[in-house]
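Trainee: I am new to this structure and would like a close look at one part of it. Could you take me through chain C and then show me how its surroundings fit in?

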Amino acid sequence: MAIWFFIFAELLAFGIFFVAYAFARAHNVVLFNESQQHLNITSGAINTLVLITSSYFMVRAVAAIKQNLSRECARWIAAAIGFGGIFLVIKLFEFHAKFADGITLSTNTFYMFYLSLTIFHFMHVILGMVILMAVMLKARSGGYSAENHTGVETGASYWHMVDLLWIILFPLVYVIH
Amino acid sequence: MSETFTKAMARNIFYGGAVFFFLLFLGLTFDTVQGLPKRDHRENITDAVVRGKHIWETRDCVGCHTILGEGAYFAPELGNVYKRRGGDFIKAWIKGQPTGAPGRRQMPQFNLTDQQLDDVVEFLKWTSEINTNNWPPNIQG
Amino acid sequence: MQFKSQAVAKPYFIAAIGLFVGQILFGLIMGYQYVVGDFLFPYIPFNVARMVHTNLLIVWILFGFMGAAYYLIPEEAETELYSPKLAMIMFWIFLVAGVLTIVGYLAVPYATLAHMTGNDILATMGREFLEQPLPTKVGIVIVALAFLFNISMTVLKGRKTSISLVLLMGLWGLAIFFLFSFYNPSNLVLDKYFWWWTVHLWVEGVWELILGAMLAFVLIKITGVDREVIEKWLYIIIAMTLITGIIGTGHHYFWIGTPEYWQWFGSVFSALEPIPFFMMTVFAFNMVNRRRREHPNKAATLWALGTGVMSFLGAGVWGFMHTLAPVNFYTHGTQITAAHGHMAFYGAYVMVNLTMISYAMPLLRGRSANSGPSQVMEMWAFWLMTVSIVFITLFLTAAGILQIWLQRMGSNPMSFMEAQDQVMLFYWLREITGFVFLIGLVLYIWSFFYKNSEAQAAA
């Protein structure tokens, strides 16, 4: 499936960044520990739950279409998109607080990684929502069936990947000291 | 590649990927341009520096030299030449060209006026103060 | 040749090859100046020779691209070119402008040329690769727009294939990013930052779209593999190109005054840049192995495979070698860059043009392929030029490593010129190899005229 090629490429890119993060952290443990304390773990944790829930909705969407329930499938996707939106809003509050503190990519190496990784992920959430939107519209108009639902599975796979990346990113950047 | 990987999917990845990364690039560019004044010390770009850059360009210095590592690799790096040699040496050097030493690389005589020589030095001085993340590795460039 | 108007490609290809010869001759002059510093001084100083060398390269590659588009677009669109006449007018304008520019470089001191051509009104000259006087730059824009209008109209009235769409996007991108050559702020850092928008986004961005489309077209023709398969590959390759290459611009933003984070972005993304080139190699071999017909033009097949391999080696491997910031800290602005530049340009853009010319030129001259002996000669030319470039690259790499060692490492580093004297041997070897390249090029041109009369009769 095309999406697996794509997901592989995405994981590779993020993977390299994660390794680079670990590498940079090992060289600046004090700086990283100090800066990490200023992150909002609560909002990060809530966002983790939001994304996992959203991923679960996509599981339900795939299950629904396998039983030929197009409308129900579309509703589950809508719910997944909605939770994606909640993620974005919470994240925007977090970014706003950071920017208000005058933090930029050039503040220090930790914030460079924090902002790069989270913004990069943020854009993936948006992209995932666009993909889900397209899938939802097609599902609503009855474009998928129990026999033919590759599109729904493709969208779901991508969305799970976005979720997975956050599940790695959150502990890596926010929690592990 | 299996049957389900259609051309339409490949095309979508292309369009999506191109737009996505171009937007990211624009975002980074915005951030870079915002942050540059702290690194390039543009408050020190005097008229002399501007004129000096113009002389640098119209004599095609970059056709032999590098500046901050970019250009041709036929003659020394000049991004840090002000720190390496100082202004007086630079002026005397330009005036003394070509050396005419047989078989050696030659720099043309540009017949610059004293004012123009000062401008070139001002440009090279300003350039040497740009924050280049500590490049070059040593004074030799 | 299926459409009469494809014939306009022929003068473009001939001009491209002619300028290619000029490029190599000036390359040899420069190579000799590296070892005998005062050669031809003061008549042709090194910087003038270099301008001529690099500008001829750019111009002939553009001629090749345009010729390729004029050949490929009507066939893909299944219709005659919108205006063959416009194409011919633009050919002459571009050729005359190009030749006048080169004559200007050689005949007048650069400062005088700048003054004569309005550089005081809008200063754009004197920056690497963008040395052209203002009228030439404006001319390039006009020619590009007329050309794009011509081929876009052709595509609009005909069949719209993925290959022609990708080619069109690449060519439009080429024109758009060239506009940054008119932006020359007095702040050197900003100047450099956006200078790369032309230079990098050309060669590691939109030009690769053009390259991919040209290669895909030739592969469809010589292998007979299903268009759907080839176009799918094309999309994936160019997707990877832009995904890695756009942010990959960051590998030029390590040491020019731009923020430190570019070291991370530039390193990570440009480390991925070999992927599309590797895919291109796999693609070319895969398609040739799955061929459904035996095309009589073996030389074109060889060029196509060569493009895949050499662009991967030159752009992919040699690019990767010095793209990580901690490595680039030492290699930046040394002969390593020159080594990479030579193999990447040859492997990607020279070879794809020669692939296209090798495929299309016999057809434009009324035969499906050149005669056997002629093709054998062309293949000799292929090997001579390709092996020469590999050795030129190796010698320059050796020179670069030694240069870094002497000039940038250790507690008592040498000055630039002292270090240059120490690597002289490699410059000599490079220059000798350059002559072998020239022999290859001469053979290449000779092959067009060699024992082809029988083939013509047979066709």
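Mentor: Here is a walk through chain C, followed by its partners. Please keep in mind that this is a predicted model.

Let's begin with the overall build of chain C. Its secondary structure consists of 17 helices and zero strands. Measured out along the principal axes, the C-alpha trace of chain C spans about 70 × 45 × 45 Å. The radius of gyration of chain C is 22 Å, and a compact globule with 459 residues would have one near 23 Å, so the two agree. Of these 459 residues, 61% are buried. Contacts in chain C also reach across the sequence: among those between residues at least 6 apart, 80% join residues at least 24 apart.

A good place to see such a contact is the pair of helices α2, residues 46–77, and α13, residues 335–364, both of chain C. Their axes come within 10 Å of each other and cross at roughly 40°. Because the angle is neither in the parallel nor in the perpendicular range, α2(C) is oblique to α13(C). The crossing of α2(C) past α13(C) is left-handed. On the α2(C) side, the residues that meet the other helix are Leu57(C), Ile61(C), Gly64(C), Ala68(C) and Tyr71(C). Facing them from α13(C) are Phe345(C), Tyr349(C), Asn353(C), Met356(C) and Ala360(C). Sorted by class, this contact has eight nonpolar residues, two polar ones and no charged ones.

Now turn to a single residue, Ile256(C). You will find Ile256(C) in the loop between α8 (227–248) and α9 (262–271) of chain C. Ile256(C) has 27 C-beta neighbours inside 10 Å, and therefore it counts as buried; the cut-off is 20 or more. One residue to look for beside Ile256(C) is Val189(C): the two are 67 residues apart along the chain, yet their C-alpha atoms are separated by 6.2 Å. Setting aside neighbours within four places in sequence, Ile256(C) is in contact with Val189(C) and Lys192(C) from its own chain, and with Leu68(B) and Thr132(B) from chain B.

Those last two residues lead us to the interface with chain B. Here 57 residues of chain B are in contact with 62 residues of chain C. On the chain B side, the elements that give two or more residues are α1 (7–40), α2 (47–58) and β2 (70–71). The most comes from α1(B), with 17 residues. By class, this side of chain B has 26 nonpolar, 18 polar and 13 charged residues.

Chain B also touches chain A, where nine residues of chain A are in contact with eleven residues of chain B. In chain A, α1 (2–27) and α5 (109–140) each supply at least two residues to that side. The chain A residues there divide into six nonpolar, three polar and no charged.

To round off the tour, chain A itself has six helices and zero strands. Its C-alpha atoms fill a box of roughly 55 × 30 × 20 Å along the principal axes. Of the 177 residues of chain A, 36% count as buried. Among contacts in chain A between residues at least 6 apart in sequence, 81% join residues at least 24 apart.

Notes:
Residues are numbered from 1 along each chain as its sequence is written. Chains are lettered from A and ligands numbered from 1 in the order in which they are written. This is a predicted model: local features need pLDDT of at least 70, side-chain atom pairs count only at pLDDT 80 or more; totals for chains, interfaces and linings use all residues. Two residues are in contact if their C-beta atoms, placed from the backbone, lie within 7 Å. Helices (H or I, at least four residues) and strands (E, at least two) are DSSP runs, numbered from the N terminus. Ala, Val, Leu, Ile, Met, Phe, Trp, Tyr, Cys and Pro count as nonpolar, Asp, Glu, Lys and Arg as charged, and the others, Gly among them, as polar. The radius of gyration is taken over C-alpha atoms; the globule rule is 2.2 Å times the number of residues to the power 0.38. A residue is buried if 20 or more other C-beta atoms lie within 10 Å of its own, exposed if 12 or fewer, and partly exposed in between; C-beta atoms are placed from the backbone. Axes are lines fitted to C-alpha atoms, for helices over the stretch in contact, and angles run from 0 to 180 degrees between N-to-C directions. Angles under 35 degrees count as roughly parallel, over 145 as roughly antiparallel, 65 to 115 as roughly perpendicular and the rest as oblique. A crossing is left-handed if the near helix is turned anticlockwise from the far one by less than a right angle, and right-handed if clockwise.
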